Amino acid sequence: MAYRNWMSAVGGMLLATCLTLDASAQDPTPVSGGTLNVGYISDVRTLDPLQSSQWTERQVLFLVFDTLVDVGPDFALKPGLAERWTFENDGRRVVLHLRQGIAFHDGTPFNAEAVKWNLDTRLDPAGNSSQRQLLREIVTGVEVLDEFTVAVDMKEPYPPLLALFADRAGLMASPTAAKTYGADIGSHPVGTGPFVFQEWVRGSRIALKRNPTFWQSGQPYLDAVNFNDIPTNLVGIQRMMIGELDYIGQLDPLDTQLAQASPEIVLEKSNGGPWYSLQWRWDSEPFSNPELRRAVAHALNRDRLNQILWTGAGTISNGFVPASLWWAPSKLEEYAFDPELARKILTDAGLQGTKLTLAAPSGDTLRRFAELAQEDLNAVGLDVQLAPVPQGEYYARTVSGDIRFTPMRWSQRADPDGLIHYLFSSEGTANSTGYKNPQVDAWINEARVSSDQARRKELYDQIQLQISKDLPYMPVGFSSEFNAMRTSVKGFVAMPDQITRFRTFWKSQP
């Protein structure tokens with residue numbers, strides 16, 4: 001398959017769409033002006049896209065910064081700061097043709113030199129970029145061809161590179177601002193996006209204001225966007241009911257009950273749902289014992305979790321890929337809820353009474369998940385104690401190895417390599433389980449450089465089947481989540497990665 005045809009196939013990947021509305025469907029005439037107040041349970045640690053690793057940071061970053069490649073609500077790749085691209089050298093080089101006439105918020109021109117600086121800085125060991133480990137396996141060099149043309153050379157063909165450029169690795173930051181602010185750049189983000197950073201009051205809010213020179217004509221519609229820290233979604237809904245907040249995302253069905261009572265609040269279902277699981281340090285005791293992992297798998301009552309967390313509207317799954325994606329697995333190991341079998345496994349292996357510490361993040365759904373899992377595991381003879389941890393700390397502490405057993409959630413990426421290599425390769429940037437299987441590594445490395453989708457599907461089938469046997473994660477399934485907004489809020493578009501792009505929003509009553 002030719003590379004341009006392969007990329008067209010990538011652009012056609014679809015997720016099942018649930019109650020998705022776009023701005024034109026809600027109202028054909030956007031109104032300019034007004035401030036959007038977003039409520040969210042924040043785990044923001046930095047606003048430097050080169051260093052970012054927290055999930056909620058991207059909601060802010062996608063407003064302050066633009067990506068080289070954009071992505072649509074069906075995961076279709078489309079032009080961003082790069083208006084077109086071509087593959088050369090048998091797929092080992094991609095040439096990006098950049099938009100002209102764009103400047104960063106500080107006046108620095110956006111051009112090929114800026115792109116080279118962004119990518120070189122991510123690749124530089126001294127830069128400590130969160131994306132370095134991923135990019136260094138792929139990119140061998142970045143060359144400026146002219147003022148608005150830049151080439152990225154790769155070790156071998158890597159078609160998913162464009163999907164990376166639609167995410168953190170493609171967010172373009174001002175080189176001038178980085179030199180000006182140095183180590184404090186994470187508190188002074190400067191991009192080319194529709195909104196300009198104004199202030200960050202830690203523990204309270206992040207304030208953005210409209211970029212009057214934004215390169216997309218007529219946008220943004222809003223004058224300002226404020227991200228307000230909330231302790232729980234329930235508190236957020238209460239603040240929304242009295243008009244203090246305009247939008248809250250990631251609501252599970254339990255969270256929506258109060259919102260449904262207000263005529264001023266509209267609920268929109270997310271496009272699919274994040275994947276939930278229990279994860280552990282697969283490479284260290286006691287979780288390195290496959291019998292313990294198998295016992296936990298059979299002890300976990302996933303139907304009960306679904307009923308309580310998502311009122312039965314979630315989808316139980318033995319894997320981490322929804323059935324609507326082309327790389328969904330053909331076969332997986334299955335772990336039916338069987339507490340008697342779990343007890344027998346523990347008894348036979350001499351594991352009855354094993355003490356485990358399960359992190360309980362402060363976010364609503366993950367905390368409830370931990371509490372329910374504790375009940376299931378203690379019921380079969382384990383001794384599980386909950387360890388409360390602030391939402392803003394739990395992922396960083398999991399990556400560092402401080403947390404060894406925790407509930408986890410992940411959203412999908414525009415290419416399977418974006419999640420599969422990320423989590424399950426022994427070299428994966430977010431491999432926080434310590435999972436390592438040389439055969440899985442070999443399959444992942446072959447799949448990520450192939451332009452033959454049929455062959456990639458075969459490899460991903462093998463990868464996912466083996467992962468389901470090795471159990472670095474115990475899958476629960478895909479959640480049912482909602483987005484709540486006041487009736488004056490328009491322009492919501494459900495995204496398959498669950499990250500709301502507020503740049504399309506406007507208010508009918510500014």
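Okay, one definition before we start: a polar contact here is a pair of N or O atoms within 3.5 Å, where one must be able to donate a hydrogen and the other to accept it. Keep that in mind for Arg304. And bear in mind that what we're looking at is a predicted model.

So, Arg304. It's found in helix 11, which covers residues 302-310. Its side chain and that of Glu375 are joined by a polar contact of 2.3 Å, which falls within that 3.5 Å limit. If you leave out residues up to four places away in sequence, Arg304 touches Leu372, Glu375 and Asp376. Is Arg304 buried or exposed? Somewhere in between: its relative accessibility is 26%, so it counts as partly exposed. And for a sense of scale, go 150 residues along the chain to Ala454, and the two C-alpha atoms are separated by 37 Å.

Now, what does helix 11 pack on? There's an open sheet of four strands, in the order 14-18-13-17, with antiparallel pairing. Strand 14 (315-316) and strand 17 (405-410) are the edge strands, each pairing on one side only. Helix 11 packs on this sheet and touches strand 13, strand 14 and strand 18, with its direction at about 45° to that of strand 18. Strand 13, residues 275-280, pairs with strand 17 in the antiparallel sense over six bridges, and within that pairing Trp280 stands opposite Phe405.

Back to Glu375 for a second, the partner of Arg304. Helix 13 spans residues 364-379, and together with strand 15 and strand 16 it makes a right-handed β-α-β unit. Those two strands, residues 355-361 and 383-389, pair in the parallel sense over seven bridges. One bridge pair to click on is Ala359 with Ala387.

Helix 13 also matters for the next bit, the cores. The largest nonpolar core has 66 residues, and Leu278, Trp410 and Leu423 have the most contacts inside it. Helix 13 gives the most to this core, with six residues. Trp410 is a good one to zoom in on: among the residues it touches are Pro274, Trp275, Tyr395, Leu423 and Tyr473. There's also a second, separate core of 42 residues, including Val71, Ala114, Ile138 and Val150.

On to the other sheet. Seven strands form an open sheet in the order 8-9-10-1-11-19-12, and the pairing is mixed. Why is one side of strand 8 and of strand 12 left without a neighbour? They stand at the edges, each with a single partner strand, so there's nothing in the sheet on the other side. On average, neighbouring strands here are turned by 20° against each other, direction ignored. In the middle of that order, strand 1 (residues 35-40) and strand 11 (residues 247-251) pair in the parallel sense over two bridges, and Gly39 stands opposite Ile248. Helix 8, residues 233-241, packs on this sheet, touching strands 10, 11, 12 and 19, and its direction makes about 150° with that of strand 11.

Last stop, Ser52, in the loop between strand 1 and helix 3. At 1% relative accessibility, Ser52 counts as buried. Its side chain makes a polar contact of 3.0 Å with the side chain of Arg168. Other residues that Ser52 touches include Thr46, Glu57, Leu61, Ser130 and Gln131.

That's my tour, thanks.

Technical notes
Residues numbered from 1 in each chain as written. Predicted model: local features only at pLDDT ≥ 70, side-chain atom pairs only at ≥ 80, totals over all residues. Heavy atoms only, no water. Buried < 20%, exposed > 50% of the residue type's maximum accessible area, 1.4 Å probe, protein only. Contact = heavy atoms within 4.5 Å. Pairing = 2+ DSSP bridges. Axes fitted to C-alpha atoms, helices over the stretch in contact; angles between N-to-C directions. Right-handed = clockwise from strand over helix to strand, strands pointing away. Core = buried A, V, L, I, M, F, W, Y, C linked by side-chain atoms within 4.5 Å.
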